[in-house]
Each structure stands twice: as structure tokens, then as C-alpha cells.
Amino acid sequence: MKRGKWLAVLPVAAMMISLLGAYGVINAANNEESNVSGMTEGSQGSPVVLTFWALGNTHYVNLAQEYMAEHPNIKINISIMTDKFVHQDRMESALSAGSGAPDIFMLDQDFMERFADAQDQFYNLYDLGAKGIEVNYLYWAWKQATSADGSFQMGLPAGINPTVIYYRTDLLERAGLPTDPEEFSAAINKWDKFAAVAKQFTEVTGIPFADSTDLVFNGLRDQSTDRIYFNKVDGTFIGDANPQVKRAYDFTTKGIQEGWIGSWALGSPEWEKAIREGDVGIILGPTWMEETIRSAEGTAGKWRIAQIPEGSGSWGGSFLALPKEGKHPKEAYDFITWLTNKDNQLKSYKASGVLPSIPAVYNEPGFQAEKDDFFGGQVISEAYARSAQRVKPVYYGPRFEQVDTLIKNALRDVLENKANPQAEWDDAMKSARNAA
């Protein structure tokens, strides 16, 4: 299954897909022309036309066709963009101008806090009936789009990206470590055990156990309780008082000093080369990183997926929100609840790898059936589902990236220049407080 390319900014490509009548359209999944049948104007009065700004590789074009076949009074125009930054800027421009926004907007989780500041320009899904379906979704995913006081729901969770550990069985075997996913997960189910295994691996093989300071830090950081750097209620900076953040920093510096964390920059050509050539044992990352792993074609069959110690985290995801410029909120809400129901999330996963946010899907035979040869016959959907159910809700805050970069720069200085870890931490926290 092909999943969305990770954080690299892709070339800007907006594909306008008009699902109207029997027009020729561009199919977003394969760029081939196809015919889309739908209601002709006036056959039952004026149809309701919904505009939908989608993002990335999804199955939504096909599902929209199904929906229109079942609802001949609805027509759906889908505009698909591949660059999430341009997608966000396009929406922000429309909101600022007070015109041009769609009926439905696919909101990337990375930008949730920015749009939450403009929640008065979106419909509250609770007013449209979302309380009745909230229980269907993963609690943490739902809460990512809920206001601090719990009264406003910005969007429905459409897809999620929990974090896992991708690992090389041949390299673990060389280090005398278990290679079965269950056994390896058990061997590293506490962070102190993870560190001991990492040290053993590097001492025996001579190569780093983990690929980067960023991903090791993220693994512990995202297990914070409720919040990471900012208080959700009043927005105050609390990163220097969050014990889990300091624990994540200290654990990562321990890995640097013991030599089991690699020096590759995340996403760099050198990082990708290390993955291809077997120069690193594990990659601790979100589900969208699977595509990078698969790009190392010569390593097929050598990879497996294990669980992160002491819990899990999340990096990315998407939501379907309804801007107030839309004139048909009821029809738009009916469509997005249908689009993200259990059956259609399963279809989206099987077609394009969008991991479902409704846990009931995880029990469906169609979700559990596929063994993946690239991952040695492991049912990777089960590994992803297990991780998804271990995530706890956590608040990031609108200046999350700014503070996170300060800490990661400090770790980079410890790694590359052997800087004093405590001094780097103190400087990062001072800068973070000033920025906040």
C-alpha cells in the first residue's frame, strides 16, 4: 500500500477534479482520465454543489462518486493538492479575504493550532450533531480538533499517523537480539531496556542503533501527559517544567554520549543512504515513514515493525473541517460523516493506506488480512493499529515547532560539537521562554 510521502515539500501540483455530470476528469489516484456519472442539472431541481479541498493521496475521488450515485441531489467538486504548505496558505488567504473558501477543507494536523485561532470562521461540528458520533473515533485523535473548553469541534479525524519502530532483522540477529516483533517489542518495552539493547547493538555491530537525535527525542517527548511545551488553557510556556521533556532530552544526550545514535540529519540524502545500505538498526517514526523504508528496495524482507517503549505518539494526521463560507453545512456534514465512517475508512486504507481513526475498523477481516512481504510477512496493519491505541491526547500549541527546533538544535550541538548538555538545555529553555 502506498502511503503519503513524508515531510519533504513536494512540487506544487493542484489537480482540479470536477465530479459533475458525465465530464472527463483527472483521477487523483493514477492521473488517468475517467468518466464520472452524476445527476444532470435540473433533473430534480437545482442540485447542491459542495466544494472540497483535499490533500495528498486519498481514495476520496472514488468515494465521492459513490456518494453522488446514492445522493443524486448532491454534486461534489474536489480540488486535490499535494503540497500541504501551499494547501494551508491557500486556505488562510481565503479566510483573510473573506471569500473563496470551500465547503469542506482537509486540515493537516500540523496546522491545527493555526486554524484553531480562527475557529469563528468554521462551523462547530457539535452544532451539526458530532456529539452523536464522537464515541466512534479514537479519543486522542478526536481531541486534537477539540477546543480547550471542550465546546467546539473543528473537524472529523480522517486519517492518523501513530509512531512505531521499524527495524532490520538481519542487523539485530548479528547483535544477538530477538528479531520477532513480539519478542523485540518485549525486549525494549521500557526506555532503560531500550538503552541497554541499543548499547549492546552498537558495541557488537559497530553501527548506530537509532538513526537520529530528532526521532529518539520525539519518542519520549510525545509521551508527555496532556501537554508538551504549552498550557492549552492559557497558552503559557510550560516546557521547562514538563518532566517528560527533560527526560526526553536527557535520554537523547545519553544515546549521543554512549554512541548508539547516528549523526544523520533527518530526511537528508545521507540518512536515506544509511537506510538503504544497512548502516542503522532502527527507525523510530510515524507510519508515513514507511514509504522511505520501502524505497530501500534491496532490503525487502529484512524489515519488521515493533512497538515503542512505554506508549506511543503521533506525528501528523488529517481532519475534515467546514468553513463558514460554505452555504450547505448540513449537506457537507452529512458527506464528511459518511466519508469517515467505518466502512469507508476501511476502503480508504485498502486503496491508499490512510490509517483509520475509528478503532472498530481494526477488527475487520479486511483490515487484518494482508501479510506484507516487504516486512517479512508481518501484518503491518495490526502493528499500526496497536500503536494507534497506545497514543494519549497531548496539546502541542501554536509555537510548538519554534520551541521544538530550539531543543533539537541544542541536541545537534551536543552531538556535533560535544557541547555541555546542561548548558545547551539552559540556553534552549531561556530562548523558548523569551519566544513564548
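**Exercise 1. A salt bridge across the chain**

Determine which parts of the chain are linked by the salt bridge of Asp404 and Arg221, and whether each partner is buried or exposed.

*Solution.*
Step 1. In this predicted model, the side chains of Asp404 and Arg221 form a salt bridge, with an N to O distance of 2.9 Å.
Step 2. Asp404 belongs to helix H16 (residues 400-417) and Arg221 to helix H8, so the pair joins distant parts of the chain, 183 residues apart.
Step 3. Buried means under 20% relative accessible area. Asp404 has a relative accessibility of 4% and is therefore buried. Arg221, at 5%, is likewise buried.
Step 4. The pair is part of a network of salt bridges that links Arg221, Asp222, Asp404 and Lys408.

**Exercise 2. Two further salt bridges**

Describe the salt bridges Asp110 forms with Lys84 and Glu290 forms with Arg294, and state how far apart the partners lie in sequence.

*Solution.*
Step 1. A search of the whole structure gives 18 salt bridges. In one of them, the closest N and O atoms of Asp110 and Lys84 are 2.4 Å apart.
Step 2. Asp110 sits in the loop between strand E6 (104-108) and helix H3 (112-116), while Lys84 sits in helix H2 (residues 84-97); the pair therefore ties together parts that are 26 residues apart in sequence.
Step 3. Asp110 is partly exposed, at 30% relative accessibility, whereas Lys84 is buried, at 14%.
Step 4. For Glu290 and Arg294, the closest N and O atoms are 2.5 Å apart. Both residues lie in helix H11, and because they are four residues apart they are separated by about one helical turn. An α-helix has 3.6 residues a turn, so residues three or four places apart point the same way.
Step 5. Glu290 has a relative accessibility of 0% and counts as buried.

**Exercise 3. The second largest cavity**

State the volume of the second largest cavity, which elements supply its lining, and how the lining divides by residue character.

*Solution.*
Step 1. The structure contains four cavities of 30 Å³ or more. The second largest encloses about 50 Å³ of space.
Step 2. Helix H8 (213-221) and strand E9 (282-286) each contribute at least two residues to the lining of this cavity.
Step 3. The lining consists of Thr163, Leu215, Asn218, Gly219, Asp222, Leu284, Gly285, Pro286, Ile308, Gly313 and Trp315.
Step 4. By character, these residues divide into five nonpolar, five polar and one charged. Asp222, a lining residue, also takes part in the salt-bridge network of Exercise 1.

**Exercise 4. The nonpolar cores**

Identify the residues that touch the most other members of the largest nonpolar core, and trace the contacts of Phe335 and Ile104.

*Solution.*
Step 1. The largest nonpolar core has 118 residues, among which Phe52 and Phe335 touch the most other members.
Step 2. Apart from neighbours within four places in sequence, Phe335 contacts Leu50, Phe52, Ala64, Tyr67, Ile76 and Ile104.
Step 3. A second, separate core holds 16 residues, including Trp53, Ala94, Phe105 and Met154.
Step 4. Ile104 is located in strand E6 and is buried, at 0% relative accessibility. With residues up to four places away in sequence left out, Ile104 touches Thr51, Phe52, Trp53, Ala321, Leu322, Pro323, Ala332, Phe335 and Ile336.
Step 5. One of these contacts spans 218 residues of sequence: the C-alpha atoms of Ile104 and Leu322 are 4.8 Å apart.

**Exercise 5. An enclosed helix**

Explain why helix H15 (residues 380-388) is described as largely enclosed, and name elements that cover its buried residues.

*Solution.*
Step 1. Seven of the nine residues of H15 are buried, so the helix is largely enclosed by the rest of the structure.
Step 2. The buried residues are Ile380, Ser381, Ala383, Tyr384, Ala385, Ser387 and Ala388.
Step 3. Their cover includes helix H4 (139-143), strand E7 (155-168), helix H11 (290-294), strand E10 (303-306), helix H13 (342-352) and helix H14 (365-368).
Step 4. Helix H4 also holds Lys143, which is partly exposed, with a relative accessible area of 23%. Beyond four places in sequence, Lys143 touches Glu134, Lys232 and Pro393. Lys143 and Pro393 are 250 residues apart along the chain, and their C-alpha atoms are separated by 6.5 Å.

How values were computed
Residues are numbered from 1 along each chain as its sequence is written. This is a predicted model: local features need pLDDT of at least 70, side-chain atom pairs count only at pLDDT 80 or more; totals for chains, interfaces and linings use all residues. Side-chain values use heavy atoms; hydrogens and water are left out. On a 1 Å grid over the protein atoms alone, a cavity is a set of points where a 1.4 Å probe fits but cannot get out, and a pocket is an open set with protein on both sides within 12 Å along at least five of seven lines; lining residues have an atom within 4 Å of a point. Grid points are joined across faces, edges and corners, and a volume is the space filled by probe spheres set on the points. Ala, Val, Leu, Ile, Met, Phe, Trp, Tyr, Cys and Pro count as nonpolar, Asp, Glu, Lys and Arg as charged, and the others, Gly among them, as polar. Buried means under 20% relative accessible area, exposed over 50%, partly exposed in between (1.4 Å probe, protein chains only). Contact means heavy atoms within 4.5 Å. A nonpolar core is a set of buried Ala, Val, Leu, Ile, Met, Phe, Trp, Tyr and Cys residues joined through side-chain atoms within 4.5 Å. A salt bridge is a side-chain nitrogen of Lys or Arg within 4 Å of a carboxyl oxygen of Asp or Glu.
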